[in-house]
Amino acid sequence: MVNVTFEQAQRWYPGADSPAVPGIDLEIRDGEFMVLVGPSGCGKSTTLRMLAGLEEVTSGRILIGERDITHLPPKDRDIAMVFQNYALYPHMTVGENMGFALKMAKVADAERKERVAEAARILGLTEYLDRKPKALSGGQRQRVAMGRAIVRQPQVFCMDEPLSNLDAKMRVQTRTDIARLQADLGVTTVYVTHDQVEAMTMGDRVAVMKDGVLQQVDTPLALYDRPVNLFVAGFIGSPQMNLLAATAADGQARIGQYLVPVDPAAASRMKGAITVGVRPEAWRVVSAEEGGLPVRVTVVEELGADNFVYGTSDVEGTPSNVIIRLPGRDAVRKGDTVHVTTDPANVHVFDTETGARLSD
């Protein structure tokens with residue numbers, strides 16, 4: 001087990017006007033499950049492929065432990081890759097697919113069979129070793145792809161959106177399996193996804209990327225509680241954070257006629273146009289007499305334990321979308337108008353122009 005280090009690693013495709021990854025600095029700790037997350041085109045897969053040796057590093061370098069692997073061919077990096085498509089050989093059995101890389105490496109038959117059997121036991125595939133891939137479900141095929149990586153006993157796992165082809169229920173089950181497996185094996189893992197729910201539930205730490213640039217690297221809860229800028233605030237969280245245009249007014253944030261209480265640190269830094277962020281669960285419904293921000297309900301998602309209320313608040317003639325999370329039995333209906341407020345500790349304040357966080 002080793003750490004992985006990116007030192008100003010850049011990928012600039014020939015003929016492009018700008019680099020896909022301008023120069024990333026990232027330290028992935030020994031045995032850590034690091035998730036790279038961001039929207040399509042943000043450079044996360046390119047970063048992973050640079051580590052795997054599938055993309056050339058234009059400048060900078062990448063280290064595995066103390067070893068500079070920047071220009072080594074993929075076969076010499078001691079990395080195992082799991083792709084979005086399973087890439088299984090249809091004419092081979094599960095056991096043959098899992099042991100193929102070891103066969104090419106001329107590993108002795110006895111050792112090869114032992115490693116395949118152990119990986120199959122870990123993944124719950126023992127009874128399927130003699131089946132062909134076409135006789136397996138999507139989740140089972142992805143586990144075979146995982147097993148093929150495990151038997152190699154690599155220093156680093158690289159996973160490029162391995163759950164994208166699975167249905168919703170299977171994704172939940174398989175992501176739990178992968179996280180548990182990685183914790184058991186203790187192998188340093190770099191996992192790429194565009195799904196922030198996957199990132200939040202699987203990663204020891206999460207690296208949020210935009211336009212090839214790291215925005216924030218932290219634990220899932222730290223990203224949720226203290227996003228460093230507007231992009232991270234809007235990207236992390238499901239449903240996403242409410243982001244409302246406001247202006248600074250005497251140490252408070254003004255949204256139309258409603259004054260949002262903010263913490264003292266943010267109050268001392270606010271000037272002009274600001275953006276106020278409030279998580280859906282941080283709103284508190286109050287009576288019309290108590291004031292609060294009026295929200296006209298347009299959609300109610302009843303999920304049993306919770307209701308997600310979607311509405312608009314007509315602030316100075318400009319409708320702003322608002323999402324409120326309520327206990328599942330609260331009676332709120334489409335067309336109702338509810339009034340909501342929150343506490344200063346739950347308010348995130350950002351500079352609208354730069355996107356930088358102003359709250360403490």
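Glu55 and Arg49 join their side chains in a salt bridge, with N and O 3.4 Å apart. This is a predicted model. Glu55 is buried, because its relative accessibility of 15% is under the 20% cut-off. Arg49 is partly exposed, at 27%.

**Salt bridges**

Side chains of opposite charge can pair when their charged atoms come close. How many salt bridges does the model hold? The count is 17. Three of them are set out here.

| Acidic residue | Basic residue | N to O distance |
|---|---|---|
| Glu55 | Arg49 | 3.4 Å |
| Glu198 | Arg171 | 2.5 Å |
| Asp343 | Arg284 | 3.1 Å |

Take the pair of Glu198 and Arg171, which meet at 2.5 Å, N to O. This pair links distant parts of the chain. Glu198 sits in helix α6, residues 196-202, and Arg171 sits in helix α5, residues 168-185. The two are 27 residues apart. Is Glu198 buried or exposed? Glu198 is buried, with a relative accessibility of 2%. Arg171 is buried too, at 15%.

Now turn to Asp343 and Arg284, whose side chains form a salt bridge at 3.1 Å, N to O. Asp343 lies in the loop between β19 (337-341) and β20 (347-351), while Arg284 belongs to strand β15 (residues 284-286), so the bridge ties together parts that are 59 residues apart in sequence. Asp343 is partly exposed, at 35% relative accessibility. Arg284 is also partly exposed, at 40%.

Salt bridges can also share partners. Glu7, Arg61 and Asp68 are joined into one network in this way.

**Nonpolar cores**

In soluble globular proteins, nonpolar side chains tend to be buried together. The largest nonpolar core here has 42 residues. Which of its members touch the most others? They are Met98, Ile178 and Tyr191. Helix α4 gives the largest share of this core, 5 residues.

Met98 has many partners beyond its neighbours within four places in sequence. They are Val116, Ala119, Ala120, Leu125, Leu129, Val144, Gly147, Arg148 and Val151.

Another core lies apart from the largest one. This other core has 28 residues, among them Val276, Leu326, Val332 and Val340.

**The largest pocket**

The largest pocket has a volume of about 470 Å³. Its lining is made of 16 residues. Which of them lie nearest the centre? Ile79, Ala80, Met81, Phe83 and Arg152 do. Three elements each give two or more residues to this lining: β6 (79-82), α2 (94-104) and α4 (138-150). Helix α4 therefore has a part in both this lining and the largest core, under the DSSP numbering of helices. By type, the lining of the largest pocket divides into 12 nonpolar residues, 1 polar and 3 charged.

**A glycine in a loop**

Where is Gly212? Gly212 is found in the loop between β9 (205-210) and β10 (213-218). Gly212 is buried, with a relative accessible area of 3%. Gly212 and Pro22 are 190 residues apart in sequence, yet their C-alpha atoms are 6.2 Å apart in space. Leaving out residues up to four places away in sequence, Gly212 touches Ala20, Val21, Pro22 and Cys42.

Methods. Residues numbered from 1 in each chain as written. Predicted model: local features only at pLDDT ≥ 70, side-chain atom pairs only at ≥ 80, totals over all residues. Heavy atoms only, no water. Salt bridge = Lys/Arg side-chain N within 4 Å of Asp/Glu carboxyl O. Buried < 20%, exposed > 50% of the residue type's maximum accessible area, 1.4 Å probe, protein only. Helix = DSSP H or I, 4+ residues; strand = E, 2+ residues; numbered from the N terminus. 1 Å grid on protein atoms, 1.4 Å probe; cavity = no way out; pocket = protein on both sides within 12 Å on 5 of 7 lines; lining within 4 Å. Points joined across faces, edges and corners; volume = space filled by probe spheres on them. Nonpolar A, V, L, I, M, F, W, Y, C, P; charged D, E, K, R; others polar. Core = buried A, V, L, I, M, F, W, Y, C linked by side-chain atoms within 4.5 Å. Contact = heavy atoms within 4.5 Å.
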